[in-house]
Amino acid sequence: MDQNILTVVMVVILAALIFFMFRSSRRRQKQASELQKQVVPGATVMTNFGVFGTIVSIDEETNKVELETSPGHILTVHRQTIGRVETSPEVTEEESPADAAASTTETPAIDEKPAYGERIEDADAPSKKTDE
């Protein structure tokens, strides 16, 4: 009797492991296909080895992608080395005038303390150098 219960428990655990294995595999395939849909010329991407660049062209036959890492420097990499799409060319939208007015930088009042790490440029302040 104890062996039958143990066998049933082991079969259930094995079935659960197989279920979760297939589910995670499908999720990874779905994420990979969504990533490949976003890989279009003009998109800013990061490769698996940490190089950022903008896609110039894609060769579908050989799966080669040309990345412009800096002006005038083109790298040719395999399509599967694209690890993440930073910005897609369709995502760039213009700001509305209300958003532009809200995002303007205001100078802090004199009574306010600066945020941590913020530099304050004050022309009237004495120089910190001393010649003693």
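1. R84 has a relative accessible area of 41%, so it counts as partly exposed, where buried means under 20% relative accessible area, exposed over 50%, and partly exposed in between, with a 1.4 Å probe and protein chains only as cover. R84 forms a salt bridge with E86, and the closest N and O atoms of that pair are 2.5 Å apart; the term denotes a side-chain nitrogen of Lys or Arg within 4 Å of a carboxyl oxygen of Asp or Glu. E86, at 35% relative accessibility, is likewise classed as partly exposed.

2. A word on the basis of these values. This is a predicted model, in which local features need pLDDT of at least 70 and side-chain atom pairs count only at pLDDT 80 or more, while totals for chains, interfaces and linings use all residues. Residues are numbered from 1 along each chain as its sequence is written, and side-chain values use heavy atoms, with hydrogens and water left out.

3. The structure holds two salt bridges, one of them between R79 and E60, whose closest N and O atoms are 3.0 Å apart. Because R79 lies in the loop between β4 (73–78) and β5, and E60 in the loop between β2 and β3, this pair ties together parts that are 19 residues apart in sequence. The two partners also deserve a look in terms of accessibility: R79 counts as buried at 11% relative accessibility, whereas E60 is exposed, with a relative accessible area of 53%. In general terms, side chains of opposite charge can pair when their charged atoms come close.

4. Turning to the strands, β1 (residues 44–47) and β2 (residues 52–59) pair in the antiparallel sense over three bridges, a pairing being accepted if DSSP finds at least two bridges between two strands. Strands here are DSSP runs of E with at least two residues, and helices are runs of H or I with at least four, both numbered from the N terminus. Within this pairing, G53 of β2 is the bridge partner of V45, and M46 stands opposite F52. The hairpin of β1 and β2 has four residues between the strands, and G50 in that hairpin takes a positive phi near 90°.

5. Strand β1 also pairs with β5 (residues 82–87), again in the antiparallel sense, over four bridges. V45 stands opposite V85 in β5, in addition to having G53 as its bridge partner in β2.

6. Strands β2 and β3 run antiparallel and are joined by five bridges, with D59 standing opposite K64 in β3. The hairpin that they make has four residues between the strands. N63, in the loop between β2 and β3, merits a backbone check, since it has a positive phi of about 60° although it is not a glycine. Its relative accessible area is 30%, so N63 is partly exposed.

7. What makes up the largest nonpolar core? This core has 10 residues, namely L35, V39, A43, V45, I55, V65, L67, V77, I82 and V85; by construction, a nonpolar core is a set of buried Ala, Val, Leu, Ile, Met, Phe, Trp, Tyr and Cys residues joined through side-chain atoms within 4.5 Å. Strands β3 (64–70) and β5 each supply at least two residues of this core. Leaving aside neighbours within four places in sequence, I82 is in contact, meaning heavy atoms within 4.5 Å, with L35, V39, V45, M46, T47, N48, L67 and V77.

8. T47, which belongs to strand β1, is buried, with a relative accessible area of 0%. If residues up to four places away in sequence are not counted, T47 touches L67, T81, I82 and G83.

9. T76 is placed in strand β4 and, apart from its neighbours within four places in sequence, is in contact with K64, V65 and E66. T76 and I58 are 18 residues apart in sequence, and their C-alpha atoms are 9.5 Å apart in space.

10. Finally, the surface carries a nonpolar patch formed by I5, L6, V9, M10, I13 and L17, with about 580 Å² of accessible area together. Patches are made of residues with over 30% relative accessible area and no salt bridge, joining like charges within 9 Å and nonpolar side chains (Val, Leu, Ile, Met, Phe, Trp, Tyr) within 5 Å, and areas come from the Shrake-Rupley method with a 1.4 Å probe, where for residues only the protein chains shown count as cover. L6 is found in helix α1 (residues 2–38) and counts as exposed at 53% relative accessibility.
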